[in-house]
Amino acid sequence: MSLITRNSIELDLGHLHVWSATAVKDNRQLNELSELLAADEVERANKYVFEKDRWIYVTAKFLLRSILGNYLNINPKEIAFEYSEFGKPSYLKNIEVDFNVSHSGNRIIIGFAKQQTIGVDIEKIKQDFDPLDLAKIFFSEEEINALSQAKESEMFQAFYRCWTRKESFIKAVGEGLSYPLDSFAVTMDNDHRARFLKIDNNQDSKKDWQLSSFVPADGYIAAITTNGNPNKIEFFDANEILFGEIDG
Ligand SMILES: CC(C)(COP(=O)(O)OP(=O)(O)OC[C@H]1O[C@@H](n2cnc3c(N)ncnc32)[C@H](O)[C@@H]1OP(=O)(O)O)[C@@H](O)C(=O)NCCC(=O)NCCS
C-alpha cells in the first residue's frame with residue numbers, strides 16, 4: 001500500500017477523474033487500511049455480516065479519503081464527512097470538489113469533479129432474472145419500450161446500461177429513490193451514445209446534465225452523471241494505491 005504523494009495528481013476545472021479498484025481481501029492489509037478511517041466508519045465496517053461487504057466498504061473509504069486528501073492537500077484522516085438527509089456524503093469544508101462512490105461485486109469506482117455535482121454507478125452484470133420484468137418496476141415508459149425492442153443477445157447489456165445511467169443521475173441529485181424514476185429517461189445503446197432523453201418531463205432540463213458510460217472491467221458496466229459539461233474524463237487505476245507504487 002502506498003499513499004498518493006501530496007499534489008501528485010491535480011483535479012482541473014472541467015475534468016472528471018474516475019478511479020477504479022478491486023476490493024482488498026487480505027485481513028492484515030484491511031486492518032492497515034482501516035487505520036485511515038474515522039471511528040464511525042470502523043464501527044460500520046465491523047457491523048457487516050458478510051466479509052465481502054466489509055472488504056469493499058473499507059477499501060472504498062480508504063481510497064476516498066486518500067484521493068480526496070491528495071486533491072485538497074490535507075491529511076486524509078482529518079476529513080470529516082457530512083451526510084445529507086438521504087445519506088449522500090460530502091466534505092462541506094471544501095465544496096469545490098464533489099465526489100461519489102459506487103461498489104458492486106468486488107469492484108469500486110469513485111468519481112471526482114471540481115465545481116460540478118457528480119454521481120457514479122457501477123454494477124456487476126448478472127443474468128439470473130428477467131430484465132423486462134425489472135424494467136417494468138424501475139424504468140420509464142420510453143425505456144421499457146426501448147428495452148423490449150433490444151435483441152435477445154443484447155438484453156442484459158441494454159438493461160444494465162440503462163440502470164447504471166439512471167442510478168448515476170439519482171446519485172448526482174442525491175435524493176435517493178424519493179426522486180421518481182419514471183420522470184426521466186436515458187438511452188441504453190452503446191457508450192458513445194449515452195445521453196438523457198428527458199428529465200422531469202421537461203426537454204430543456206436535460207441540457208443541464210451530462211451522461212457518460214463505460215466498461216470499468218470485464219463483466220461490469222458503469223455510468224457517470226455531472227451537472228454541466230465536462231470537457232475531459234480521465235481514468236485512474238486505484239489498485240496502484242492499494243497494491244503498488246504510484247508515481248509522484
Ligand atoms: C445509496 C443509493 C443512492 C445507491 O445505492 P447502491 O446502488 O446500492 O450503492 P452504490 O454502491 O452505487 O453507492 C453507495 C455509495 O453511494 C453514496 N451514497 C449514499 N447515499 C447516497 C445518496 N443519497 N446519493 C448519492 N450517493 C449516496 C455512499 O458513498 C455509498 O457508499 P457506502 O455505502 O460505502 O458509504 C441508494 O440509497 C438508492 O437509492 N438506491 C436505489 C437503487 C435503485 O433501485 N435504483 C434504480 C435504478 S433504475
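These questions and answers concern the ligand in a predicted model.

Student: What limits apply to the numbering and the confidence?
Tutor: Residues are numbered from 1 along each chain as its sequence is written, and side-chain values use heavy atoms, with hydrogens and water left out. In this predicted model, local features need pLDDT of at least 70, side-chain atom pairs count only at pLDDT 80 or more, and totals for chains, interfaces and linings use all residues.

Student: Which residues come nearest to the ligand?
Tutor: A residue is near a molecule if one of its heavy atoms lies within 4 Å of it. There are 22 residues around the ligand, and those that come nearest are Arg44, Phe86, Ser102, Glu167 and Lys171.

Student: How many Å separate a polar side-chain atom of Glu167 from a nitrogen atom of the ligand?
Tutor: A polar contact is a pair of N or O atoms within 3.5 Å. For Lys171, a polar side-chain atom lies 2.8 Å from an oxygen atom of the ligand. For Glu167, the partner is a nitrogen atom of the ligand, and the distance is 2.5 Å.

Student: Between which domains does the ligand lie?
Tutor: Domain bounds come from an automatic or database domain assignment. Both domains give residues to the shell around the ligand, so the ligand lies between domain 1 (15–116 + 232–240) and domain 2 (122–227).

Methods: A polar contact is a pair of N or O atoms within 3.5 Å; within protein, one must be able to donate a hydrogen and the other to accept it, and residues adjacent in sequence count only if both atoms are side-chain atoms.
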